[in-house]
Amino acid sequence: MILKHFTELQEFLSEPRNVVIIGHRNPDGDAIGSTLGLKHYLDKKGHKTQVLMPNEYPDFLHWIPGSKTVKRFDRQNSQSVKALKKSDIVFLLDFNALHRVGDDMQNTLEQYENDFALIDHHQQPDDFMYMYSDTSMSSTCQMVYNFIEMMGDVELIDKNIATCLYTGIMTDTGSFRFRSTTSTTHRIIADLIDKGAENDRIHSNVHDANSYNRLLLLGQALSNMKVLPEYKTAFITLTEEEKKKFNYEKGDTEGVVNYALSLKGIVFAAIFIEDEEQGIVKMSFRSKGKFSVNQFARNYFNGGGHDNAAGGRSDDSMENTIERFKSLLPTYQKELENSYEA
C-alpha cells in the first residue's frame with residue numbers, strides 16, 4: 001500500500017474547496033460508483049464538487065445517485081475545462097496514470113497547476129502529490145469507504161454514498177466472487193446495506209436492464225468463441241460489422257469475457273472488439289489463479305490492470321491481433337497448466 005501525504009490532504013480538506021473528481025475513459029461501475037460516492041461525501045463536508053468523465057458510460061449505470069450531475073469532457077469540453085480551472089485539487093479515481101483518460105483530457109490535465117490526489121487499486125501507479133494506492137483492494141469503491149473511515153467520517157455515509165460504493169464493489173468483484181473479495185469486503189458491504197444500500201435493487205438495475213439487442217449481441221459473441229484446450233484458453237471476437245448489426249451501445253460488451261472464463265478447464269480468457277472510432281482492437285483479459293493477465297497485457301498489448309483482470313489494445317487488424325495472441329500462448333503453456341486447479 002502507498003499512503004502519501006494523507007495528513008496534509010486531510011488538513012487541506014479541513015476547509016471548503018473546489019474539487020474536481022475524475023474517472024477513467026470508458027468508465028465502469030467502479031469508476032462511476034467511486035467518483036459519485038466521493039462527491040456525495042465531500043459535498044456533505046461543505047466542498048463544492050464536480051465529477052468529470054472522459055466520455056460516455058453504460059446506460060445501466062445512469063440511475064446511480066448523482067449521475068445527472070456528471071459532465072463529459074468529450075461533449076461538455078468548455079464546462080469541464082472551466083471546472084478544472086476553478087478547482088483547488090483534482091481527485092483521480094480508479095486509474096493509475098493520466099493516459100487512462102484519453103489524449104485530449106490527458107493534455108488538459110498535464111497543464112493543471114494545482115495538485116492531484118490519487119485513490120486507486122491498479123498496479124504500478126504514477127507518482128502524484130497525494131496518493132492512496134492499494135493493489136490488494138477489491139475495488140476503488142472499497143478504498144473510498146476506507147478513505148472516509150480514515151477521515152473519521154464513517155457516520156456521514158448515507159443512502160446515496162452507500163448505494164454508489166456498493167455498486168462499484170459489486171461490479172468490480174463480479175458480484176463478490178473474485179479472489180479480491182475478502183472478509184473485510186463483506187463487512188464493508190454489510191455496513192453499506194445497514195446505511196441504506198438496497199442490494200436487490202442495485203443488482204437488478206445493473207444486471208437486469210438488458211436490451212433485446214444486447215442479448216442478441218451476446219449470442220453473436222458466444223457463437224464466435226474459440227477454445228484452445230492445450231493452453232486452457234478461450235477467446236471471443238466481435239467485429240465492427242457485428243456490433244452495428246445489433247445496434248451496439250456503450251456497455252453492451254461489459255462482462256462478456258467472463259463467459260469464456262466460465263468454461264470448465266479454462267484459466268485464461270480474452271475478448272477482442274473492433275473499435276472503428278479509435279481505429280484499434282480493444283481487448284479484455286481475465287484469468288484464474290496465478291497467471292497474471294496484467295503482466296501479459298503490459299508486455300504485449302499496451303495495457304495493464306490487475307493480475308486476474310486487465311485490458312489492452314492493438315493498432316493492427318483483428319486477424320493479425322488474434323494471430324499474435326495465439327502465437328504467444330506456447331510461451332506460457334506450463335504457466336497456464338499450473339495456474340489453477342482447473
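**K334, and a long hop along the chain**

I started with K334 and asked whether it is buried or exposed. Its relative accessibility comes out at 66%, and exposed means over 50%, so K334 counts as exposed. I should jot down early that this is a predicted model, not an experimental one. K334 sits in helix α14, which covers residues 333-337.

Next I looked up how far K334 is from Y231. Along the chain they are 103 residues apart, yet their C-alpha atoms are separated by 8.4 Å. I kept Y231 in mind for later, when I got to the cores.

**F296 and its aromatic company**

I moved to F296, which I found in helix α12, residues 293-300. With a relative accessibility of 1%, F296 counts as buried. What does F296 touch, once neighbours within four places in sequence are left aside? I wrote down F268, F285, F291, F301, F325, L328 and Y332. For F285 I also checked the spacing: F296 and F285 are 11 residues apart in sequence and 8.9 Å apart from C-alpha to C-alpha.

**The cores**

Then I went looking for nonpolar cores. In soluble globular proteins, nonpolar side chains tend to be buried together. The largest core here has 49 residues, and the members touching the most other members are L38, F91, F147 and L192. Which helix gives the most to this core? It is helix α6 (residues 159-172), with seven residues.

Another core lies apart from that one and has 23 residues. Y231 turns up in this second core, and so does F325, with V267 and A270 also among its members. I had met F325 already as a contact of F296.

Back to L38: setting aside neighbours within four places in sequence, I found L38 in contact with I21, F91, L93, V144 and F147.

**α5 and its three partners**

Helix α5 took up a page of its own. Two packed helices are described by the angle between their axes and the distance between the axes, and that is what I noted for each pair.

I took α2 (residues 29-44) with α5 (residues 140-150) to begin with. Their axes come within 8 Å and cross at roughly 20 degrees. Angles under 35 degrees count as roughly parallel, so α2 and α5 are roughly parallel to each other. The crossing of α2 past α5 is right-handed. On the α2 side the contact uses D30, G33, S34, L38 and Y41, and on the α5 side T140, C141, V144, F147 and I148. By class I got six nonpolar, three polar and one charged. L38 and F147 are both in this contact, and both were on my list from the largest core.

The pair α5 and α6 came after that. The angle is about 140 degrees and the axes are 7 Å apart. This makes α5 oblique to α6. From α5 the contact takes C141, Q142, V144, Y145 and I148, and from α6 it takes I161, C164, L165, G168 and I169. How many charged residues does the contact of α5 with α6 have? I found no charged residues, with eight nonpolar and two polar ones.

Last of the three is α5 with helix α7 (residues 183-194). They pack at about 70 degrees, with axes 11 Å apart. That makes α5 roughly perpendicular to α7. Q142, Y145 and N146 of α5 meet T184, T185, I188, D191 and L192 of α7. I sorted the residues of this contact into three nonpolar, four polar and one charged.

**Odd backbone spots**

I also looked for positive phi values outside glycine. F176 has one, at about 70 degrees. F176 lies in the loop between α6 and α7. Its relative accessibility is 19%, and buried means under 20%, so F176 counts as buried.

N247 is another residue other than glycine with a positive phi, near 50 degrees. Its place is the loop between α10 (240-245) and α11. At a relative accessible area of 48%, N247 is partly exposed.

**N258, to finish**

α11 (residues 257-261) is where I found N258. N258 counts as buried, at 18% relative accessibility. Not counting residues up to four places away in sequence, N258 touches R177, F178 and R286.

Definitions and conventions:
Residues numbered from 1 in each chain as written. Predicted model: local features only at pLDDT ≥ 70, side-chain atom pairs only at ≥ 80, totals over all residues. Heavy atoms only, no water. Axes fitted to C-alpha atoms, helices over the stretch in contact; angles between N-to-C directions. Helix = DSSP H or I, 4+ residues; strand = E, 2+ residues; numbered from the N terminus. Parallel < 35°, antiparallel > 145°, perpendicular 65-115°, else oblique. Left-handed = near helix turned anticlockwise from the far one by under 90°. Contact = heavy atoms within 4.5 Å. Nonpolar A, V, L, I, M, F, W, Y, C, P; charged D, E, K, R; others polar. Core = buried A, V, L, I, M, F, W, Y, C linked by side-chain atoms within 4.5 Å. Buried < 20%, exposed > 50% of the residue type's maximum accessible area, 1.4 Å probe, protein only.
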